[in-house]
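Colleague: Got a minute to walk through this one with me? I'd like to go over the contacts and the strand pairing.

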Amino acid sequence: MLLEIKGLHASVAGKEILKGIDLQIRRGEVHAVMGPNGAGKSTLSAVLAGKPGYEVTAGSVLWCGADLLKMTPEERSWAGIFLSFQYPVEIPGVSITAFMKAAVNAHRKAAGLPELKPAEFLKLLREKMAFVGMKPEFASRSVNEGFSGGEKKRNEIFQMAMLNPVLSILDETDSGLDVDALKIVAEGVNSLRSPEKSAIVITHYKRLLDYIVPDVVHILKDGRIIRTGDRSLVEEIEEYGYEKFNG
Amino acid sequence: MDKVFVIRNGAADGLPSRIVLEAGEKLKLTLVVMPGVSCERSVRVELNGPGAEADIAGLCLCEGKDRVSLELNLEHNSGGCTSRQLFKSLADDAAKVSFSGLVKVAAGAQKTKALQESHALLLSPDASVQSQPQLEIYADDVECSHGATTGYLNPDEQFYLRSRGVPEAEARRLQLISFISPVLQRLPEDLAAELSEAL
């Protein structure tokens, strides 16, 4: 088992948001987590990535059998977990190149590999930028500063391609994207799919799941997964909304 | 003139205490106070003729028991002049920084534009920063603004960097570079590199 979540309860600022989540993900599987606003979707992704301020009050999360909750955010990244942010953060004065160089070399160090030579790093950077359709001039731009919504999301998928994660968590990657941007992001995600890699696609709408087809679909409502099914569940939600699903 | 003054221990910095700008003269001045320095400096800039422009930026990197006190007085004695001040301070350990910036617009100095900003980051609970922006305006047709902030490292930035595998200490260094980058960009490459390394 790649990821095993058992009875997970989590609070933010003293308020319980996750009220007992059970979820198992194997290698190669794409899971969709759908639900209305305020259901706890983003809290789940934040807890998995180790965001400070989210307190796990009960339950466990195992990553390849190891206690994920004991790991720092950077250790989780090195272990192969990647979170595509719903709201990517702007870091003025730090270029995408400088950011990715620090990230890639930290990953290599954790894996016992030497740092990439500058020419090797630039080659990798250019290759992955081209892969997600990012213009080369973005390499020297400050991280997310002045980017449009679509450019920010594309930058997330670029970082994902650079770091080659085992589990990608896409937190509302479709929010704020027009159809063209959505297709580019979905193509990027799909081309990274492999029997070894898994993903959690968190979304409110069916739209993204037309492009990234999930193996398993979960409905998260009021901090609990109240229904799990195959992709036909997406159609059911589309037709009836979340109202009819109750725990 | 475009000048960079660096205050470091055991070296003369040559920072003048008074600069006078006549009509149409332009000044670009950048001041850097290196870590490990305690000092008190005061600079008065007089804008005495129309069209004079002063663009002043400062950077204080303070740590240990550093005590830094800076005072900058911008005197708009003539109308039609522009001044811009940007100060960035980092205070770590038990360092204390005080920055006092006065913009004085003389009677009749109409069409004055003056902008003053000072931002500080506290990196330790024992560090302190005191910012005193002051405006004294005796003319009525002016555009003057000032802003001062003191804060801590942004946890959302930090989490974003760490979530990509950047270790905590390196994430913090990138955040500090981000914070001081508006001043860093004004410095010669070798000095900017030295500062980035020192963080």
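Colleague: Let's start with the two chains. How many residues of chain A are in contact with how many residues of chain B?

Modeller: Keep in mind that this is a predicted model. With contact taken as C-beta atoms within 7 Å, the count for chain A is 21 residues, and they touch chain B residues numbering 17.

Colleague: Which element gives the most to the side of chain A that touches chain B?

Modeller: The elements giving two or more residues there are α2 (73-79), β7 (91-95), α3 (96-110) and α5 of chain A. By class, that side has 15 nonpolar, 4 polar and 2 charged residues. The top contributor, with 5 residues, is α3(A).

Colleague: α5 caught my eye. How are α5(A) and α6(A) oriented relative to each other?

Modeller: Helix α5 of chain A spans residues 149-163 and helix α6 of chain A spans 179-191; their axes come within 10 Å and cross at roughly 5°. Angles under 35 degrees count as roughly parallel. So α5(A) and α6(A) are roughly parallel.

Colleague: And what classes of residue make up the contact of α5(A) with α6(A)?

Modeller: From α5(A) you have Gly150(A), Lys153(A), Arg154(A), Ile157(A) and Ala161(A), and they meet Ala181(A), Ile184(A), Val185(A), Gly188(A) and Val189(A) in α6(A). Gly counts as polar in this scheme. The tally comes to 6 nonpolar, 2 polar and 2 charged residues.

Colleague: On to the sheet. Which strands of chain A stand at the edges?

Modeller: It's an open sheet of 4 strands in chain A, ordered β2-β1-β4-β5, with antiparallel pairing. Each edge strand has a single partner, so one side of it is left without a neighbour in the sheet. The edge strands are β2 (15-25) and β5 (66-67) of chain A.

Colleague: What is the bridge partner of Leu3(A) in β4(A)?

Modeller: Strands β1 (residues 3-12) and β4 (residues 54-63) of chain A pair in the antiparallel sense over 8 bridges. Val12(A) is bridged to Tyr54(A) in β4(A). For Leu3(A), the partner is Trp63(A).

Colleague: Which residue in the turn between β4(A) and β5(A) has a positive phi?

Modeller: β4(A) and β5(A) pair in the antiparallel sense over 2 bridges, and Trp63(A) has Ala66(A) as its bridge partner in β5(A). The two strands form a hairpin with 2 residues between them. The turn residue with a positive phi, about 50°, is Cys64(A).

Technical notes: Residues numbered from 1 in each chain as written. Chains lettered and ligands numbered in written order. Predicted model: local features only at pLDDT ≥ 70, side-chain atom pairs only at ≥ 80, totals over all residues. Axes fitted to C-alpha atoms, helices over the stretch in contact; angles between N-to-C directions. Parallel < 35°, antiparallel > 145°, perpendicular 65-115°, else oblique. Contact = placed C-beta atoms within 7 Å. Pairing = 2+ DSSP bridges.
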